[in-house]
Amino acid sequence: MYVLLNGDRCASCVSPEYEWQGYIDFEKLPKSFNPPQGYIATANNLVMREYPYLITADWVYGYRAKRIVEMISQQTQPISLKDVQQIQGDDRNLNAQTLVPLLESITVNTPRLQAAQKLLQDWNLQLGMTSPAAALFEVFWKHLLADTFHDQLPEKYFPDGGDRWYAVVANLVKQPNSSWWDNRNTPKVENRDQILRQSFIEAVDELERIQSKDPKNWNWGKLHTITFRNATLGKSGVAPIEALFNRGAFATSGNGETVNANRWIANKSFEVSDIPSLRMIVDLGNLDNSVAIHTPGQSGHAFHNHYNDMVEPWRKIEYHQMLWESKNVTANTTATLRLIPKVAE
């Protein structure tokens, strides 16, 4: 049996404003015993109904959990540790399953737009770091949200591109003549396909401007970067000091609603805002076989060799072994830190 854990890091998670006001007794916590499907899968989505205690009213819509269940269900052999690693690193965009068929059907009549459209026709829907199609789709998604909603919503309510907007747009595309598609700033009345085409052209224009005229050179990771900022001096506003303590920018894959949840905010930038900072897979049959990775590193000292040495394996969905048995820990120890209290004179 494997236990799969992604530890998300977000700004609100460390704010005192969001601290718990009380605790639920252990016996009353949500639980599932021997579920018939043989596994439990959750990714911040609502999994229990009619639960008497409020945990949160801000559950996600379940795209990540749906993909996890999908990958588990596709297995025909007992799931291995490698299978679980693949699940944790999955970048499949379920939003693209809805929108790519529509993009493939729009008419484009220039060679450059046709070349861009072909990227989507050959795409596996994975938001890989080096993927040109991933770059095109995510830039298109930013423009689609702006073209559809910015003319009708106050700026404070502009779409952030997260799973709520996946659900909104999935419903809206079924209504090709909805008034939401119309741009109120123009005299004509736009429909769905006109806005899809407009957003697609804007995405191609942007990528040609900031990356390359050749669609094959577009790259999602070069847009979707993360900078690890020191919690104290890394946000000082003094560039030389920040350069000493911060590390990045590093290319990343995925987005906020892939299992590998590297979030970006559509009404701000493509820069990563939240990450699965800890990945852990616990082998309950052999604890020494468990693995984990935590970014950026184990040391908080900016010039220590372990300050950011886990960034690369974290980006590549690689892990280090979590040793459990004392003999294995001793055999693999490279250094020991001893904290000896000073004897009072």
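**View 1. Trp20 and a nonpolar patch on the surface.** In this predicted model, Trp20 is exposed, because its relative accessible area of 56% lies over the 50% cut-off for that class. Trp20 sits in the loop that runs between strand 1 (2-9) and helix 1 (63-73). Together with Tyr23 and Ile55, Trp20 makes a nonpolar surface patch of about 420 Å².

**View 2. Asp90 and its partners.** Asp90 belongs to the loop between helix 2 (81-88) and helix 3 (94-105), and with a relative accessibility of 5% it counts as buried. Its side chain makes a polar contact of 2.8 Å with the side chain of Arg67. When neighbours within four places in sequence are left aside, the residues in contact with Asp90 include Arg67, Met71, Gln126 and Thr258.

**View 3. A network of salt bridges around Arg67.** Arg67, Glu70 and Asp90 are linked in a network of salt bridges. In the pair formed by Glu70 and Arg67, the closest N and O atoms are 2.3 Å apart. These two residues are separated by about one helical turn, because they stand 3 residues apart in helix 1. Arg67 is buried, with a relative accessible area of 8%, whereas Glu70 is partly exposed, with a relative accessible area of 25%.

**View 4. Helix 2 and its surroundings.** Of the 8 residues of helix 2, 6 are buried, so this helix is largely enclosed by the rest of the structure. Among the buried residues of helix 2 are Leu81, Val84 and Ile87, as well as Asp83.

**View 5. Helix 4 and two salt bridges.** Arg112 forms a salt bridge with Asp205, and the closest N and O atoms of this pair are 2.8 Å apart. Because Arg112 lies in helix 4 and Asp205 in helix 7 (residues 192-210), the pair ties together parts that are 93 residues apart in sequence. Arg112 is partly exposed at 34% relative accessibility, and Asp205 is partly exposed at 31%. Another salt bridge joins Lys118 to Asp122, with 2.7 Å between the closest N and O atoms; Lys118 is partly exposed at 46%, while Asp122 is exposed at 56%.

**View 6. Helix 5 and its cap.** The 18 residues of helix 5 (residues 132-149) should span 26 Å at 1.5 Å a residue, and the end C-alpha atoms are indeed 26 Å apart, which agrees. Helix 5 is mostly covered, since 16 of its 18 residues are buried. At its N-terminal end, Ser131 acts as a cap, with a side-chain oxygen lying 3.4 Å from the backbone nitrogen of Ala133.

Conventions: Residues numbered from 1 in each chain as written. Predicted model: local features only at pLDDT ≥ 70, side-chain atom pairs only at ≥ 80, totals over all residues. Heavy atoms only, no water. Helix = DSSP H or I, 4+ residues; strand = E, 2+ residues; numbered from the N terminus. Expected span 1.5 Å × (residues − 1). Buried < 20%, exposed > 50% of the residue type's maximum accessible area, 1.4 Å probe, protein only. Polar contact = N/O pair within 3.5 Å; in protein donor to acceptor, adjacent residues only side chain to side chain. Patch = residues over 30% accessible without salt bridge, like charges linked within 9 Å, V, L, I, M, F, W, Y side chains within 5 Å. Areas by Shrake-Rupley, 256 points an atom, 1.4 Å probe, with all protein chains shown as cover. Salt bridge = Lys/Arg side-chain N within 4 Å of Asp/Glu carboxyl O. Contact = heavy atoms within 4.5 Å.
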